[in-house]
Amino acid sequence: MTGRGLSPRLVADVAREIDARRGARVRTAHQDGKLAFRLDLRGEEREDLVVALGHPFPRIHLAEPRPAPKTPSALAGTLRRLLKGTRIVAAHEVAGERALQVTLRRGDEDTHLWVELLGGQANLYVVGADGVVLLTPRVYVAKRRGASK
């Protein structure tokens, strides 16, 4: 670990763990805090894919499933709409970066989950097959990077 989150080597390790879940289906999505999200995965086992963007230790990892919050947020609702029923087809780290991409597929359409684990600049992007950012919880970070208008 570094002072600003997972090291590139640890991100690569997590990407391999997620990639080993190829075929797992996203059942639903939850938001546990302002910058904390979980995807409920159903594969050989039920697991949560946790994305926590909070400073000082942004992270992504697999975890035991937790109960859903009583009331879903608007952001979680949009995440559910975009990802529910997709299946993991690949996951890989972005070479030399503290970032990874998870490719999800529903039918013949791919959606990409990009996660940047850069300390206070950590962000999550749901990107459509056409390369357009469909959702990001930290719009101001995305705008600074030129990833969103």
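Start by selecting strand β7, residues 109–116. Six of its eight residues are buried, so β7 is largely enclosed by the rest of the structure. Keep in mind as you go that this is a predicted model.

**Stop 1: from β7 back to β6**

With β7 still highlighted, add strand β6, residues 99–106. The two strands run antiparallel and are joined by eight bridges. To see the pairing at the level of single residues, pick Arg105 and look across to β7, where Asp110 stands opposite. Then move along to Gln101, whose bridge partner in β7 is Trp114. Leave Trp114 selected, since the tour returns to this residue.

Now look at where the chain turns from one strand to the other. β6 and β7 make a hairpin with two residues between them. Click on Gly107 in that turn: its phi is positive, about 65°.

Is β6 open to the outside or enclosed by the rest of the structure? Six of its eight residues are buried, so β6 is largely enclosed. Here, buried means under 20% relative accessible area.

**Stop 2: the other neighbour of β6**

Next, select strand β5, residues 87–93. β5 pairs with β6 in the antiparallel sense, over six bridges. For a residue pair to display, try Ala90, which has Thr103 in β6 as its bridge partner. These two strands also form a hairpin, with five residues between them. In the turn you will find Gly96, with a positive phi of about 75°.

**Stop 3: onward to β8**

Go back to β7 and extend the selection to strand β8, residues 123–127. Five bridges link β7 and β8, again in the antiparallel sense. Which residue of β8 stands opposite Trp114? The residue to show is Tyr125. Trp114 therefore makes a handy marker, as the bridge partner of Gln101 and as the residue opposite Tyr125, in a stretch of β7 that is largely enclosed because six of its eight residues are buried.

The β7–β8 hairpin has six residues between its strands. Its turn includes Gly119, which has a positive phi of about 55°. Keep Gly119 selected for the next stop.

**Stop 4: a loop that meets the turn**

Now select His55, in the loop between β3 (46–52) and β4 (59–63). His55 is 64 residues away from Gly119 in sequence, yet their C-alpha atoms are 5.6 Å apart in space. Which residues does His55 contact, once its neighbours within four places in sequence are set aside? Show Gly119 and Gly120 to see both of them. His55 itself counts as exposed, because its relative accessibility is 57% and the cut-off for exposed is over 50%.

**Stop 5: the largest pocket**

For a change of scene, select Ala20, Arg21, Arg22, Gly23, Ala24, Leu41, Gly43, Glu44, Glu45 and Glu47, which line the largest pocket. The volume of this pocket is about 190 Å³. Colour the lining by residue type and you should find three nonpolar, two polar and five charged residues.

**Last stop: the whole chain**

Zoom out and colour by secondary structure. The chain has three helices and nine strands, in the order α-β-β-β-β-α-β-β-β-β-β-α along the sequence. Of its 149 residues, 45% count as buried. Switch on the surface: the accessible area is about 7800 Å², with 51% of it belonging to carbon and sulfur atoms. Finally, among contacts between residues at least 6 apart in sequence, 42% join residues at least 24 apart.

How values were computed. Residues numbered from 1 in each chain as written. Predicted model: local features only at pLDDT ≥ 70, side-chain atom pairs only at ≥ 80, totals over all residues. Heavy atoms only, no water. Buried < 20%, exposed > 50% of the residue type's maximum accessible area, 1.4 Å probe, protein only. Helix = DSSP H or I, 4+ residues; strand = E, 2+ residues; numbered from the N terminus. Pairing = 2+ DSSP bridges. 1 Å grid on protein atoms, 1.4 Å probe; cavity = no way out; pocket = protein on both sides within 12 Å on 5 of 7 lines; lining within 4 Å. Points joined across faces, edges and corners; volume = space filled by probe spheres on them. Nonpolar A, V, L, I, M, F, W, Y, C, P; charged D, E, K, R; others polar. Contact = heavy atoms within 4.5 Å. Areas by Shrake-Rupley, 256 points an atom, 1.4 Å probe, with all protein chains shown as cover.
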